[in-house]
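Trainee: I should like to understand how the terms used for a structure follow from their definitions. May we work through an example?

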Amino acid sequence: ENIVVAGAGDINPTQFTELVEKHFGTVTAKVEGPVDNAETPYFTPSLMFQRDDELPNTTAASGFVVPGRNHPDFFAMNYFKRLIGEYRVDRHTGAHLNAAHLQYNSFHTDLGNCPDIIIQKPFYMAYSDVGLFFNFLFGNEVWNKQLMLMGQNKMSEYASYVTD
């Protein structure tokens with residue numbers, strides 16, 4: 001409905017107006033037909049394991065669909081990411097001799113009880129219509145299932161506190 005055509009240089013305003021009306025006068029205000037990227041994204045829960053015998057460590061990430069940038073809970077999601085915080089075994093357990101009760105939050109306590117989980121980091125990516133929240137974990141290969149369990153279950157547990 002609001003199209004702007006600009007002209008620059010030494011132009012005749014009357015001739016410019018006539019050319020604009022001639023070439024753009026029939027442009028409709030509404031788009032007809034399919035519009036790209038108008039579909040609502042959907043995600044399917046899935047697990048993927050890939051084995052590499054030369055790699056002694058493994059990574060796991062679990063993702064969730066969450067509120068986007070235009071949602072009233074946008075700031076709460078940013079705060080939630082900061083509450084969860086990052087965990088590193090060398091930073092959070094070494095000085096405390098892995099005393100779980102001295103960790104920074106309950107999630108770090110659970111991670112500290114699994115000595116081969118080395119790094120945990122949350123990611124919140126907000127878009128205009130949808131947000132994605134990922135929890136990334138890195139650790140020893142023998143903890144594959146525990147990495148996924150921690151990544152999915154702890155985030156689901158925290159989410160249940162908010163939605164109840």
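Mentor: The discussion below takes up a salt bridge and then the sheet around it, in what is a predicted model.

Trainee: What makes Lys121 and Glu86 a salt bridge?

Mentor: The cut-off is 4 Å between a side-chain nitrogen of Lys or Arg and a carboxyl oxygen of Asp or Glu. The closest N and O atoms of Lys121 and Glu86 are 3.9 Å apart, so the pair qualifies under the 4 Å limit. The structure holds one salt bridge.

Trainee: Which parts does the pair tie together?

Mentor: Lys121 lies in strand E3 (residues 117-126), and Glu86 in the loop between helix H2 (74-84) and strand E2 (87-88), so the pair links parts that are 35 residues apart in sequence.

Trainee: Why is Lys121 called partly exposed?

Mentor: Buried means under 20% relative accessible area and exposed means over 50%. Lys121 has 31%, so it falls in between. Glu86, with 39%, is likewise partly exposed.

Trainee: How do you know that E3 and E4 pair?

Mentor: Pairing requires at least two bridges. E3 and strand E4 (residues 131-140) have nine, in the antiparallel sense, so the requirement is met. Within this pairing, Lys121 stands opposite Phe136 in E4.

Trainee: What makes E1 and E2 edge strands?

Mentor: The open sheet has the order E1-E4-E3-E2, with antiparallel pairing. Strand E1 (57-66) and E2 each have a single partner strand, so one side of each lacks a neighbour in the sheet.

Definitions and conventions:
Residues are numbered from 1 along each chain as its sequence is written. This is a predicted model: local features need pLDDT of at least 70, side-chain atom pairs count only at pLDDT 80 or more; totals for chains, interfaces and linings use all residues. Side-chain values use heavy atoms; hydrogens and water are left out. Helices (H or I, at least four residues) and strands (E, at least two) are DSSP runs, numbered from the N terminus. Buried means under 20% relative accessible area, exposed over 50%, partly exposed in between (1.4 Å probe, protein chains only).
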